[in-house]
Amino acid sequence: MTAANDLSQLADVARNIADLTLVMASRTDETDGAYALQRLVLHDDVTSEFSGLAGDFVEKHLDDVVKGYDPTYKPDAHEMLVLKLSESALLESVVKEAARPNALQIFDEGSDFVDGLAFYVLTCRAKQKPLLLFRSYSPQKELTRSRLIALLHSRGVYNRIRRGLFVFDEKIDCFAWNGNLYIKNVHNFHTMFRYFEQLRASASATIDRVLAYVPISNAEDFKAACTGSIGFLAKVASISRKDYLASVTMADVEATIRDFGLEVKITEVRGKKLLEFASDLKHRWLILKLLDDDYLGSVMTKRRYEVNSKTAL
């Protein structure tokens, strides 16, 4: 079953969200790179309101176009990206723990936990399966920790709020359902699940995967450029996920360079053709764009384009 078809199963439960629990996630030093999770005890009225928010969100996006996750792709309002939970150990761990909220410690407003707040999860049941909706968060959203003066009206008098008061909006960044994560806000997803930190940690392996298929004469210069720029490394990570990479030949590369007039040099070493990486700002992106298949031609008009997003047919 495809991710899009799997998503359609939620159609009949969008208005029947049950057993909702609000789970807060904090990044603390004691968790050794992971997240500590605690659950909030909510009044029935608040639970009902969050359930309505979850149902509204799911119902609104059931007809979105679902595309495979690409770290460099920014989905339009009618699109969402999908990623298998099994592809990220951190993501899979958080979802597994948040899906069992009754086993979590009750939120106690400890300063260490609040200082590290990163996101919250609306954990609910749908068709006997856990449905988890994620939203980024920060300690600044606790009004008593900001420099704002928050006033509460009661019996005609406004008084300063000095107890813990958390502010939530009606937005959702991504949600987990049946083994997949559906992403609406890529930036917030990357922040919540430390995409760039994980990217840096696996940089060497990611670069080596690309170099295994793409011969570059000055590979060390290419590696230095990748590790020195997170944007560059993200592009390399995107390329490493492409299923066509293993089948692209040097003849294919040469044809694209020639057809689009790209300023990419090809050198020959012991009878083998290699791409030459240029590190200057004008040319450093050319090889990456070439490998990410950013240069396309129109069948109808015969015009040629450089694109930054595309969907395979």
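# Why these labels apply

Both Phe 119 and Phe 134 are buried, and the model in which they sit is a predicted one.

User: What makes the pairing of Phe 119 and Phe 134 a tilted one?

Analyst: The ring centres of Phe 119 and Phe 134 are 5.8 Å apart, which lies within the 6.5 Å allowed for a pair. Their planes stand at 55°, and because stacked rings need an angle under 30 degrees and edge-to-face rings one over 60, the pair falls among the rest and is called tilted. Phe 119 belongs to strand S6 (residues 117–126) and Phe 134 to strand S7 (residues 129–136), with their positions 15 residues apart in the chain. Ring pairs also join Phe 119 and Phe 134 to Tyr 35, Tyr 69, Phe 189 and Phe 193 in a cluster.

User: Why is the pair of Phe 50 and Phe 168 called edge-to-face?

Analyst: By the ring-pair rule the count comes to 18 aromatic pairs. In the one formed by Phe 50 and Phe 168, the centres are 5.6 Å apart and the planes make an angle of 85°; the cut-off for edge-to-face is over 60 degrees, so the label follows. This pair links distant parts of the chain, since Phe 50 lies in helix H2 (residues 44–60) while Phe 168 lies in the loop between strand S9 (157–160) and strand S10 (174–177), 118 residues apart.

User: How do you know whether Phe 50 is buried or exposed, and what about Phe 168?

Analyst: Phe 50 has a relative accessibility of 9% and therefore counts as buried, the limit being under 20%. Phe 168 has 26% and so counts as partly exposed, a class that runs between the 20% limit for buried and the 50% limit for exposed.

User: Why is H7 described as oblique to H9?

Analyst: Helix H7 (residues 203–213) and helix H9 (residues 230–240) pack at about 55°, with their axes 9 Å apart. That angle makes H7 oblique to H9, because it is neither under 35 degrees, nor over 145, nor in the range of 65 to 115. The crossing of H7 and H9 is left-handed.

User: Which residues bring H7 and H9 together, and of what classes are they?

Analyst: From H7, the residues Ala 203, Thr 206, Ile 207, Arg 209 and Val 210 meet Leu 233, Val 236, Ala 237, Ile 239 and Ser 240 of H9. Sorted by class, this contact has 7 nonpolar, 2 polar and 1 charged residues.

User: What makes H9 a mostly covered helix?

Analyst: Of the 11 residues in H9, 9 are buried, among them Phe 232, Lys 235 and Ser 238. The cover over the buried residues of H9 includes helix H6 (195–201), H7, helix H8 (219–228) and helix H11 (286–291). In the protein, buried residues make up 44% of the 313 residues.

User: Why is Thr 267 called partly exposed?

Analyst: Thr 267, which is found in strand S12 (residues 265–269), has a relative accessible area of 23% and is therefore partly exposed. Leaving aside residues up to four places away in sequence, Thr 267 touches Ser 217, Lys 272, Lys 273, Leu 274 and Glu 276. Ser 217 is 50 residues from Thr 267 in sequence, and their C-alpha atoms are 7.4 Å apart in space.

User: How many helices and strands does the protein have?

Analyst: The protein has 11 helices and 15 strands. Among its contacts with a separation of 6 or more, 65% are between residues 24 or more positions apart.

Key: Residues are numbered from 1 along each chain as its sequence is written. This is a predicted model: local features need pLDDT of at least 70, side-chain atom pairs count only at pLDDT 80 or more; totals for chains, interfaces and linings use all residues. Side-chain values use heavy atoms; hydrogens and water are left out. Axes are lines fitted to C-alpha atoms, for helices over the stretch in contact, and angles run from 0 to 180 degrees between N-to-C directions. Helices (H or I, at least four residues) and strands (E, at least two) are DSSP runs, numbered from the N terminus. A crossing is left-handed if the near helix is turned anticlockwise from the far one by less than a right angle, and right-handed if clockwise. Contact means heavy atoms within 4.5 Å. Ala, Val, Leu, Ile, Met, Phe, Trp, Tyr, Cys and Pro count as nonpolar, Asp, Glu, Lys and Arg as charged, and the others, Gly among them, as polar. Rings of Phe, Tyr and Trp (its six-membered ring) pair if their centres lie within 6.5 Å; planes under 30 degrees apart count as stacked, over 60 as edge-to-face and the rest as tilted. Buried means under 20% relative accessible area, exposed over 50%, partly exposed in between (1.4 Å probe, protein chains only).
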